[in-house]
Amino acid sequence: MRAHAEPTQSAPLGPPTAWFAAARSHALLIALSLLSLLPLYWMIVTALRPENEIFSTAPWPENPTLDNVRRILDGMPLFRMLANTALVAAASTAAQLVTALLAAYAFARWRNRWTRAIFGLLTLTWLIPAQVIMVPNYLLVTSFGMLDTLAALILPHVASAFAIMLLYQSLRAFPEELIDAAITDGAGNWHILWRVIVPNVRPALASLGILLFISSWNDYFWPLLVTRSPDSAVIQIGLQMFFTQEGNQWGPLMAAASVASLPILAIYAVLQKQIVESFLHSGLK
Amino acid sequence: MANVLDLPARLGALPARRRRPLALRAPWLAPSLFLAPALGTLAVWIYWPLVETFRLSFYEWNLLPMAPQVFVGLENYQRLLELPELRQAAWNTLLYTVGLLPLTVALPLAVALATRDARGRAGAIYRALIFVPMMIAPVVVAVIWRWLLNPEHGVVNAIIRGVGLPAVRFLDDPGLALWSIVFITGWKLVGFSTLIFAAALTSIDRSLIEAARLDGATEGQIARLIYVPLVMPAIVLLGVLTVLHGAQWSFVYINVLTRGGPLQSTTNLYYLLWEYGFSSFAIGWSTAAGMLLFVVFGIAALFGVRLMNRSDARPR
């Protein structure tokens, strides 16, 4: 009843309130965008400054130069580190996708108390911080003789509960009639998985793949534990090594930081929408 | 007669039983094979190490392969609980967690509520921009802020001096360093959290809001009575994630920026484990502290999961 009486009152109030709300929205979002981007902008600007301008607070260097990049190339095997990082990230992403696909298929296809119990056990890995199991993990790597190798960086990340749980969500939503139809046709599990399911969950696989690649590229703790020499370091550890040695060489340091971020920023520039969506969908890793 | 009639059926059944497909004879075989690669990896790199951590927590050892592991029973736990370092680290862990909540929950929720009408092209651009810090590696974030917050030449202190105030030693002042690291940790997450809340808000039925407005509800009432309850699952999700992982997210920044100092003021439990394990090589202490941490956060996680389930089950 009241709904009929009120509109005349709220209508004249409408436009100015809406205008104010919109202006406030933009102001807030612009402020948050600046807060997010200015630090990165300052990293890039510092990287481009020549040595004699390094302490300048001018918004853009007078004589922008790539000298700083050249200087880090002299000091550390930058390209080698980038290649190491790309290799480790690609290998562990590919391996995690395959192992997660197989496991998620098992959980979706055979639903009984055993698989449910195992799935529960898997979700518990979420509760085990890396720092709690770091000593045995380190000992394992040394006993394999793999300290300071790229294999040591990849092996523990051949499977992850996170990937399995995310893929299981997609596979569980897969229409059961299609699987039943394939079974009646006499198709085996292997065939069902690769010919029936995989072609239909490609988007889920792609967004999980991007997520795994980015988090592997940015990973820090595990490489910190098992890396010793610059030649087998990933870029994050290379950056840390450079920082420990020449902490106050701000120009080269910011150049190294920029180079370490560029590949991921490039991927983000192209796939921005999918990346944001898959991060929001998966929660935090 | 019955036997004779049965015979062909039996004869037919015999070879058939022998040739029963593998899937029927061993129904566990196929699932096991599909699960093996993932479970094997996790068993080797997570479950077995957890058991091993538990075992090592009863020994005294310095990580050297030649050195003997000496069984000391519960001594590691006893000593740990008496250490002031542990108490300080536990207190700091609490400060990190509580300090992060405004940056991962309260502020993002406020921004998402205030900007809930920003849609379309502009909205998409803002979304893309505020998400960028989430893409940047924590080590990179650490060195950028080290530069920005540098007392002599950093741009933040240039601004502070510009308005006539003395320079602030953000990372060297024992009273400030922890909060600087909280801010840096939160800086990386604030955009992400805002987008989580924004996504939850867009799913809200707009006719409900219109009806409330027609009933004379103020904007504040609408926010408090309609939006907040509807984004409750997102609040719980981010709150639980922050409580469970917040102190862990800070690890990189502590290790790169302060190494736990000055005066242990930024050391949290995760960093203490790291120091005991790989600086002082007190493996017994590190693993015992690890087990304590695991148990405390395990209990917290169980509460968190229950809370999440309950908030999801609410009628919408």
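Colleague: How many residue pairs are in polar contact between chain A and chain B?

Modeller: Keep in mind that this is a predicted model, so pairs are counted here with both residues at pLDDT 80 or more. On the chain A side that touches chain B, the largest share comes from helix α2 (residues 7-48), with 16 residues. With that confidence filter on, the count of pairs in polar contact between the two chains is nine.

Colleague: And how many salt bridges are there between chain A and chain B?

Modeller: Searching the whole structure turns up eight salt bridges over all chains. Between chain A and chain B, though, the count is zero.

Colleague: What is the area buried between chain A and chain B?

Modeller: People often give the size of an interface as the accessible area lost when the parts come together. Here 88 residues of chain A are in contact with 85 residues of chain B. Carbon and sulfur atoms give 81% of the buried area, and that area is about 8,100 Å².

Colleague: Let's look inside chain A. Which residue forms a salt bridge with A:R71?

Modeller: Side chains of opposite charge can pair when their charged atoms come close. For A:R71, the closest N and O atoms of the pair are 3.8 Å apart. A:R71 sits in helix α3 (residues 67-75) of chain A and its partner in the loop between α2 and α3, so the pair ties together parts that are 20 residues apart in sequence. That partner is A:E51.

Colleague: Is A:E51 buried or exposed?

Modeller: The cut-off for exposed is over 50% relative accessible area. A:R71 has 31%, so that residue is partly exposed. A:E51 has 60%, so the answer for A:E51 is exposed.

Colleague: What is the N to O distance in the salt bridge of A:D67 and A:R70?

Modeller: Both residues lie in helix α3 of chain A, three residues apart, which is about one turn of the helix. A:D67 is partly exposed, with a relative accessible area of 36%. The side chains of A:D67 and A:R70 meet with an N to O distance of 2.7 Å.

Colleague: Over to chain B. Is B:E52 buried or exposed?

Modeller: B:E52 forms a salt bridge with B:R55, their closest N and O atoms being 2.9 Å apart. Both are in helix α3 of chain B, three residues apart. B:R55 counts as partly exposed at 30% relative accessibility. B:E52 has a relative accessible area of 13%, and because buried means under 20%, B:E52 is buried.

Colleague: Where does α3(B) bend?

Modeller: A straight helix of 28 residues would span 40 Å, but helix α3 (residues 29-56) of chain B spans only 35 Å between its end C-alpha atoms. The helix bends by about 50°, and a proline, B:P37, follows within four residues of the bend. The place of the bend is B:A36.

Colleague: One last residue: what is the relative accessible area of A:A233?

Modeller: A:A233 is in the loop between α12 (221-226) and α13 (235-245) of chain A. Leaving aside neighbours within four places in sequence, A:A233 is in contact with A:M81, A:N84, A:T227, A:G238 and A:M241. A:A233 is buried, and its relative accessible area is 0%.

Technical notes:
Residues numbered from 1 in each chain as written. Chains lettered and ligands numbered in written order. Predicted model: local features only at pLDDT ≥ 70, side-chain atom pairs only at ≥ 80, totals over all residues. Heavy atoms only, no water. Helix = DSSP H or I, 4+ residues; strand = E, 2+ residues; numbered from the N terminus. Buried < 20%, exposed > 50% of the residue type's maximum accessible area, 1.4 Å probe, protein only. Contact = heavy atoms within 4.5 Å. Expected span 1.5 Å × (residues − 1). Bend = angle between axes of the 7 residues up to and from the residue. Buried area = accessible area lost by both parts, 1.4 Å probe. Salt bridge = Lys/Arg side-chain N within 4 Å of Asp/Glu carboxyl O. Polar contact = N/O pair within 3.5 Å; in protein donor to acceptor, adjacent residues only side chain to side chain.
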